[in-house]
Amino acid sequence: MPSYKLTRRDFIKISAAAGGGLLVGFPFTGLSKDAMNTGGDSFKPNAWITIGSDDQVTLQVASSEMGQGILTGIAMILAEELDADWSKVKAEFAPADKAFYNPMFRRQGTGGSTAVRAFWNPLRTAGAVAREMLVQAAANQWEVDPADCHTEKGLVMHDESGRTLSYGALTQAASKLAVPEAVLLKDVDDFVLLGKSMPRLDTPIKVDGSAIFGMDVQLDGLLSASVARCPTIGGTVKSFDAEAALAVPGVKAVKQISSGVAVIAAHYWAAKQGRDALQIEWDAGPNKGLDSSAITAEFSKAVESDGVVERNDGDVESSLKGAAKTLEAIYSVPYQAHACMEPMNATADVRSDGCDLYLPTQNQTRSQTAAMQLTGLPLEKVRVHTTYLGGGFGRRGDDDFVKDAVECSRAVGKPVKVIWSREDDILYDKFRPATYNRLRGGVDAEGRIVAWEHRITGASIMKQKQRGLVPGARDWSNTEGAKNIPYAIPNLFVSFAMVNPGIPVGFWRSVGSSQNAYITECFFDELAVLAGKDPLQARLELMDDHPRHAGVLKLAAEQAGYGKKLPEGRAQGIAVAESFGSFVAQVAEVSLERSRVRVHRVTCAVDCGMIVNPNTIHAQMESAIAYGLTATLKSEITIRNGRTQQRNFDDFKLLRIDEMPQVDVHILPSSESPGGIGEPGVPPIAPAVVNAVFALTGKPVRSIPIRLAG
Amino acid sequence: MLRLSVNGEIRELDMDPATPLLWALRDGLHLTGTKYSCGIAECGACLVLVDGKPVHSCVTPISSVANAKITTIEGLSPERSHPVQQAWIEEEVPQCGYCQSGQILAASALLEKQPKPTDADIDATMRDVLCRCGTYPRIRKAIKRAAELAGAADKEV
């Protein structure tokens, strides 16, 4: 039975909350160094669970809800061990506080598909501790042994006498008890909520317009702002004339801030009109003259150098020389925009005594820190109120939009909401890095793949985030999905040569795996064909040490009817990828309508370990497939003269409903630790589709989005 | 002062007549269920019903709808009782939820016109509303479910 040992000092404080509730605080001592090392004692205690005397259970969720269903998922984890009555559970977004740091990040934030993985044990423990104290309180009142009591749906029951007490009736007594030194967690077989498809808590407010996104925040005296930025990425303001802008009715102020010139007005439309009336002279800066073609040329030179060697098994050079057949290919992917449906925005209220931030953010700690640095206020005076996020996909882990709002509010001494237009959102995104890859492979006379060389070049996200990386350093994010391919190939070389052309880059749903799964899984199919083998068979032959990859591959193939006769003009492609602790295989069935690829059906098999909410897993696979299909079939970001060439949904086109395939999701039961679910469905979709196109046409597709000759 | 009929109420607005309905609703009337996303009538997040027909509020000046009946997501039904909202809850359509006001209003207008839409009908109408989360398969299911719910309600009447 799983258990987690707690010591009494792990609990900073336990006390009666306002209204006589029971408040259980629980730092991640033993699971994360942060709570102890960062002096958590100087902060108010963390708190996940509040039980009111009215039986209302209020749970704090430290993860941001951007569509992935985490508000419900985290609440389920807490409520499971608490044995809460689900109908009385309310989940709230936690304030920014060290107590709520993500144990996998050492900050409060949501990304890397970590939420369930990081909080699974700590929050089960937090729930179990609360439950145990409630049982003790009831047992004391009844003068019975707690071991003779059990809990169910917010009630403590004494088995023999049939007496019951609700949690709400026990809050006062439980508040006075000592915290148990250790608690037992439930056996998986005893789960009541976990593993069941519970309705999302946020569905009702998302069908009547009442969910509050960052864009929807309203405060007394709130002003709206629009910021003009240099059309050339990285350029700066030389001078500006605000006269015409200030003449627009409703415009209150024009202020230069770090990112450009802000027009602050009574409402957004006035701010936008004012911004359009600004006269600004720009200094185009270092990126003037930078083109996508020049970036590719730079990459193609760098790919010849070793860069940082991430993997070097056997001897690739000599195995290539000795191979019966060899193949060399250049694969590339372009920059990609996140294109959240809710454009970037933030609301800040900076005062001399503190600062309130109302944010659709994936990174509370970074936002709080940025505001602290800009205002000079102590960290605890910066309060972060997290709203719902209209999409995130990694983009909202950045703080550029937060800084805009803080600077604007500080400049006018009033609360200000900064709204990026759609054009701002695409033009000034932190793009998924473009990469350029040279691959070489060799098969022997028996058709075995014996050599694999993958040289990657591209911009480094971690370098840009300036986390101490020097050029030529390692960056895990560029090689994930490449250095860990699941195939037993005796001679295997993977390297990354960092080239940073000056275009801002950032985490994009599934990060390195988003492009590396495409590149490696498609080159694999090219080698399988070279070896005269079926792509699925070729994979399974090399997967003895990777049963979870093989498991999802077999399940997806079986459910898709892989290898069976298809309607004329159709073909299937298969791909598998592991990312964020989960394993996903997909089979795509496609046809061509002239030069246009139509994806009819995607069969998806996922092994994400133990399951929180199956319905969420289905939804996230559907979502990841849609997200990945835009990058596979439709859109890309290109650069000309240092400017982003796409600016709205008319030239950065997203997948529409009539292009969405039928999606069938199959979950492989597993007792492994939970894996991530928000991202792992993305990596396999591009290669599954491209491999199907390859099967149909016999021609490999070595860059995406797919552009077939008409 | 300009007068608008929104969700059955006459509302007064002191805004430039050229202001897009979207910003008048959001900033003037604090009806924030109608969303801004593209501003160029490409994505449908800002859809509202004007005399029952879906209209992109981001490119509709308020002066042009002064005599019309405007329905936003807030006014679609009391207590989420519209069959489309009911079906959306049953099928758990929303993910991030940002585009859903537009999706729901587009779907409700479709069902008014075609009470039993085919897949092709659904695709042809709903292709006007973008969803980056990929709720499309559930939107298809939910529209069919809403058609059933609406049909059943009609029989009861």
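This is a guided tour of a predicted model, moving from the meeting of two chains to single residues in each of them.

**Where the chains meet**

Begin by selecting chain B together with the part of chain A that touches it, where 43 residues of chain B are in contact with 49 residues of chain A. On the chain B side, the elements that give two or more residues to this contact are helix 1 (21–28), helix 2 (83–90), helix 3 (100–113), helix 4 (119–126) and helix 5 (136–156) of chain B. If you colour the chain B side of the contact by residue type, you should find 21 nonpolar, 13 polar and nine charged residues.

**Two helices of chain B**

Next, keep helix 2 and helix 5 of chain B and hide the rest of the chain; these helices pack with their axes 8 Å apart, at an angle of about 130 degrees. Because of that angle, helix 2 of chain B is oblique to helix 5 of chain B, and the crossing of the two is right-handed. To see the residues that meet, show the side chains of Pro83(B), Val84(B), Gln86(B), Ala87(B), Trp88(B) and Glu90(B) in helix 2 of chain B, and those of Ala142(B), Arg145(B), Ala146(B), Leu149(B), Ala150(B) and Ala153(B) in helix 5 of chain B. Sorted by type, the residues of this contact are nine nonpolar, one polar and two charged.

**Strands of chain B**

Now select strand 3 (47–50) of chain B, which is joined by four bridges to strand 4 (residues 53–56) of chain B, the two running antiparallel. Within this pair, Val48(B) has Val55(B) in strand 4 of chain B as its bridge partner. The hairpin formed by strand 3 and strand 4 of chain B has two residues between the strands, and here Asp51(B) takes a positive phi near 50 degrees.

Strand 3 of chain B is also joined to strand 5 (residues 69–71) of chain B, by two bridges and again in an antiparallel arrangement. In this pairing, the bridge partner of Leu49(B) is Thr71(B), which belongs to strand 5 of chain B.

Before leaving chain B, move to the loop between helix 1 and strand 3 of chain B and pick out His30(B). This residue is not a glycine, yet His30(B) has a positive phi of about 55 degrees. Is His30(B) buried or exposed? His30(B) counts as exposed, because there are 10 C-beta neighbours inside 10 Å.

**A sheet and a helix in chain A**

Turn to chain A and select strands 7, 8 and 9, which form an open sheet in the order 7-8-9 with antiparallel pairing. The edges are strand 7 (149–152) and strand 9 (164–166) of chain A, each of which pairs on one side only, and from one strand to the next the twist averages 20 degrees. Helix 3 (residues 115–142) of chain A packs on the sheet and touches strand 7, strand 8 and strand 9 of chain A, while its direction makes about 130 degrees with that of strand 7 of chain A. Between strand 8 (residues 155–158) and strand 9 of chain A there are three bridges, and Val156(A) stands opposite Leu165(A) in strand 9 of chain A.

From there, go to the loop between strand 6 (89–93) and helix 3 of chain A, where Arg106(A) lies. Phi of Arg106(A) is near 60 degrees, a positive value in a residue other than glycine. Arg106(A) counts as partly exposed, because 16 other C-beta atoms lie within 10 Å.

**Further along chain A**

Select helix 16 (residues 547–560) of chain A and find Ala557(A) in it. Ala557(A) is buried, because 21 other C-beta atoms lie within 10 Å. Leaving aside residues up to four places away in sequence, Ala557(A) touches Leu536(A), Tyr562(A), Ile574(A) and Val587(A).

Continue to helix 17 (residues 614–634) and helix 18 of chain A, whose axes come within 8 Å and cross at roughly 55 degrees. The two helices are therefore oblique to each other, and their crossing is right-handed. Helix 17 of chain A brings Ala624(A), Ile625(A), Gly628(A), Leu629(A), Ala631(A) and Thr632(A) to the contact, and helix 18 of chain A brings Ile685(A), Ala686(A) and Val689(A).

As a last stop, look in the segment after helix 18 (685–697) of chain A for Pro705(A). A cis peptide bond joins Ile704(A) and Pro705(A), with omega about 0 degrees.

Terms used. Residues numbered from 1 in each chain as written. Chains lettered and ligands numbered in written order. Predicted model: local features only at pLDDT ≥ 70, side-chain atom pairs only at ≥ 80, totals over all residues. Contact = placed C-beta atoms within 7 Å. Nonpolar A, V, L, I, M, F, W, Y, C, P; charged D, E, K, R; others polar. Buried ≥ 20, exposed ≤ 12 C-beta atoms within 10 Å, placed from the backbone. Axes fitted to C-alpha atoms, helices over the stretch in contact; angles between N-to-C directions. Parallel < 35°, antiparallel > 145°, perpendicular 65-115°, else oblique. Left-handed = near helix turned anticlockwise from the far one by under 90°. Pairing = 2+ DSSP bridges.
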